[in-house]
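Got the viewer open? Let's take a short tour, starting with the whole chain and ending at one residue.

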Amino acid sequence: MTHTEREEQAVAVVRRNTEEVQGKGNFELFEELFADDFVDHTPQPGTTPDKDGVRVLYRRLREAFPDFRPEIHWQTVDGDLVTTYKTYHGTHHGDFLGIAPTGRPVQFETVDAMRVRDGRIVEHWGVANLFSVVGQLGARIEQP
């Protein structure tokens with residue numbers, strides 16, 4: 001496999017995770033796409049920095065926002081590292097970060113980088129604009 005073919009495969013793996021696992025809740029595919037020794041370098045609150053933690057996060061997002069869907073704006077790849085800029089959309093129908101369901105629509109931006117080896121996601125780094133979500137849900141955050 002050439003360098004370019006590996007990069008194309010890495011982008012395809014990350015895109016499948018974004019569209020099919022995150023966007024459609026295909027957790028069987030999740031098990032295929034994530035390596036058992038996966039490491040999340042930026043785990044979200046209440047999760048662990050491993051495959052189980054990401055599974056918990058994805059399920060929580062789908063429970064809080066049953067119509068959760070990603071919109072990929074762009075992806076770039078450097079070797080085995082795929083960076084994606086996307087906006088998530090959903091309607092708040094379940095508890096999220098301790099906020100009871102509001103029925104409000106939300107959207108928030110995310111940039112993440114995922115390392116892919118042998119067709120599986122092995123590492124993740126990401127930044128999500130969760131502060132924006134909290135505001136869209138009408139919650140107030142006290143500034144110190």
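Here is what to select, step by step.

**Start with everything.** Keep in mind that this is a predicted model. Show the chain as a cartoon and colour by secondary structure: you should find four helices and five strands. Trace the chain from its start and they come in the order α-α-β-α-β-β-β-β-α. The radius of gyration is 15 Å, close to the 15 Å that the globule rule gives for 144 residues, so the protein is as compact as a globular protein of that length. Turn the C-alpha trace around, and its principal axes span about 50 × 30 × 25 Å.

**Now switch on the surface.** About 7,800 Å² is accessible, and carbon and sulfur atoms account for 50% of that. Of the 144 residues, 43% are buried.

**Colour the charges.** There are 16 positive and 24 negative ones, and the mean positions of the two sets lie 4 Å apart.

**Think about contacts.** Take the contacts between residues at least 6 apart in sequence: 54% of them join residues at least 24 apart.

**Zoom in on Val39.** Select residues 34-40, which form strand 1, and pick out Val39 within that strand. Is Val39 buried, partly exposed or exposed? Val39 is partly exposed, because its relative accessible area is 32%, between the 20% and 50% cut-offs.

**Last stop: the neighbours of Val39.** Leaving aside residues up to four places away in sequence, Val39 touches Pro49, Val122, Glu123 and His124. Add Glu123 to your selection: Val39 and Glu123 are 84 residues apart along the chain, yet their C-alpha atoms are separated by 4.9 Å.

Definitions and conventions. Residues are numbered from 1 along each chain as its sequence is written. This is a predicted model: local features need pLDDT of at least 70, side-chain atom pairs count only at pLDDT 80 or more; totals for chains, interfaces and linings use all residues. Side-chain values use heavy atoms; hydrogens and water are left out. Helices (H or I, at least four residues) and strands (E, at least two) are DSSP runs, numbered from the N terminus. Buried means under 20% relative accessible area, exposed over 50%, partly exposed in between (1.4 Å probe, protein chains only). Contact means heavy atoms within 4.5 Å. The radius of gyration is taken over C-alpha atoms; the globule rule is 2.2 Å times the number of residues to the power 0.38. Accessible areas come from the Shrake-Rupley method with a 1.4 Å probe; for residues, only the protein chains shown count as cover. Lys and Arg count as positive and Asp and Glu as negative; His and the chain ends are not counted. The place of a charge is taken as NZ of Lys, CZ of Arg, CG of Asp or CD of Glu.
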